[in-house]
Amino acid sequence: MEEKKVLTKMSFDELSEFILSLDERKFCVNQIISWIYVKAAASFEQMTDIKKELREKLIGCAKITDVKIKTKQMSADGTIKYLLEYSDGALAECVLMRFDNRGNLSACVSSQVGCPMGCAFCATAKRGFIRNLLPYEMVEQILTIERDTGLKVTNVVFMGQGEPFNNFDNVYKAIQIINSKLMIGIRRITVSTCGIAPKIREIAKKELIPTLAISLHAPNNALRAEIMPVEKKYNLQELKNALKYYIDETKKRVTLEYILIDGLTDTKDMALELISYMKYLKCNVNLIPYNPITPKDKFKKPSKKNVMFFKYLLESSGKKVTVRLERGADIDAACGQLAAKTDI
Ligand code: SAH
């Protein structure tokens with residue numbers, strides 16, 4: 001028997017050609033696209049306004065996806081972490097986070113399997129780099145969440161495994177699909193990067209410009225180079241120039257993400273250096289209290305007092321500062337904890 005065609009793997013031209021080969025009425029194409037991408041249908045049976053004949057043909061020769069949920073974990077705070085298995089056996093997570101009672105649902109999407117950037121504090125780096133994810137494999141992360149929960153994702157953050165700007169073209173194609181087919185506004189899509197300066201300039205010139213978050217994590221070259229190897233390639237000064245360019249081109253504000261590690265990055269001196277780095281930069285700051293990744297981790301969580309003091313110092317320089325709510329730490333779904341652990 002011929003292998004079933006996988007619909008989300010096809011380009012939209014291929015999909016349209018395929019559907020027209022089964023039924024020549026053009027409106028069926030849009031109906032099916034809408035069932036798959038807007039309504040996140042899990043089966044052809046669900047597509048009730050499609051003629052039974054076409055549905056039966058589809059059941060016989062096609063399937064919606066080839067991505068499987070390998071494991072699913074629920075946190076006490078409502079966060080859900082999915083470990084997905086792709087057709088070649090590669091594994092990567094996506095995470096659903098509920099932040100408030102306004103109904104906002106954020107999907108945290110992985111852009112690569114593993115990560116090549118080697119940040120000293122991140123569990124994904126310990127996995128090394130395995131491969132880039134394809135556009136549909138990223139889009140599938142959101143669709144899987146929607147199919148499984150029956151809920152509509154409202155915000156997308158590229159903050160899972162991988163460095164999105166190391167897989168730029170595929171991430172950009174995924175953003176195009178998320179925006180035009182899943183109908184998620186570009187302002188609700190955020191890409192987080194460890195600071196690949198040329199790609200920050202490139203995204204600023206694109207038609208669709210997502211919100212940008214920068215993993216800064218240290219305010220001076222020496223400390224940043226110690227914990228983030230990317231600093232040796234694109235240093236803080238180059239990064240700042242790229243950010244100024246992005247801000248000028250797009251008129252958008254950027255978010256600087258800053259990890260607070262006890263005794264290392266959470267001190268008063270670091271806060272003062274960070275304030276000076278942020279001068280003339282249109283940015284907000286998101287402080288991330290460090291999440292330990294191993295029981296004997298050499299980096300430690302900061303004290304609550306230090307977090308509040310650090311926040312206070314930055315705020316007194318006039319910046320808007322938020323402290324990232326820790327989500328899903330009990331299921332290793334918090335920032336920096338994604339490493340496709342299967343021993344659960
Ligand atoms: N590679 C991209 C996308 C990953 S986003 C980037 O670097 O931005 C994941 C965020 O969690 C990044 O800001 C990352 O630096 C942060 N992170 C990594 N390890 C962490 C840890 N142990 N505790 C808290 N945050 C961590």
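This is a short chat about reading a sheet, a helix pair and a pocket in a predicted model.

Student: Let's start with the sheet. How many strands does the open sheet have, and in what order?

Tutor: Here's the general idea: strands of a sheet pair through backbone hydrogen bonds, either parallel or antiparallel. In this model, the open sheet has 10 strands with mixed pairing, and the order reads S3-S4-S5-S6-S9-S10-S11-S12-S13-S14.

Student: Which are the edge strands?

Tutor: Look for strands that pair on one side only: those are S3 (68-74) and S14 (321-323). Going from one strand to the next, the twist averages 20°.

Student: Can we zoom in on one pair? How many bridges join S12 to S13?

Tutor: Seven bridges link S12 (residues 254-260) with S13 (residues 283-289), and the two run parallel. Find Glu 257, and you'll see Asn 286 of S13 standing opposite.

Student: And which strands does helix H6 lie across?

Tutor: H6 (residues 168-180) lies across S9 (155-158) and S10 (189-193), and runs at about 175° to S9.

Student: Now helices against helices. At what angle do H7 and H9 pack?

Tutor: Two packed helices are described by the angle between their axes and the distance between the axes. For H7 (residues 197-204) and H9 (residues 236-250), the angle is about 5° and the axes are 9 Å apart. So H7 is roughly parallel to H9. By class, their contact has nine nonpolar, two polar and three charged residues. Ile 200 and Ile 203 are among those on the H7 side, with Leu 239 and Leu 243 among those in H9.

Student: Last one: how much space lies in the second largest pocket?

Tutor: Rolling a probe the size of a water molecule over the atoms shows where empty space is left. The second largest pocket holds about 160 Å³. Its lining residues include Phe 12, Tyr 37 and Ile 177. By class, the lining has eight nonpolar, two polar and one charged. Helix H5 (residues 135-149) gives the largest share of that lining, three residues.

Conventions. Residues are numbered from 1 along each chain as its sequence is written. This is a predicted model: local features need pLDDT of at least 70, side-chain atom pairs count only at pLDDT 80 or more; totals for chains, interfaces and linings use all residues. Side-chain values use heavy atoms; hydrogens and water are left out. On a 1 Å grid over the protein atoms alone, a cavity is a set of points where a 1.4 Å probe fits but cannot get out, and a pocket is an open set with protein on both sides within 12 Å along at least five of seven lines; lining residues have an atom within 4 Å of a point. Grid points are joined across faces, edges and corners, and a volume is the space filled by probe spheres set on the points. Helices (H or I, at least four residues) and strands (E, at least two) are DSSP runs, numbered from the N terminus. Ala, Val, Leu, Ile, Met, Phe, Trp, Tyr, Cys and Pro count as nonpolar, Asp, Glu, Lys and Arg as charged, and the others, Gly among them, as polar. Two strands pair if DSSP finds at least two bridges between them. Axes are lines fitted to C-alpha atoms, for helices over the stretch in contact, and angles run from 0 to 180 degrees between N-to-C directions. Contact means heavy atoms within 4.5 Å. Angles under 35 degrees count as roughly parallel, over 145 as roughly antiparallel, 65 to 115 as roughly perpendicular and the rest as oblique.
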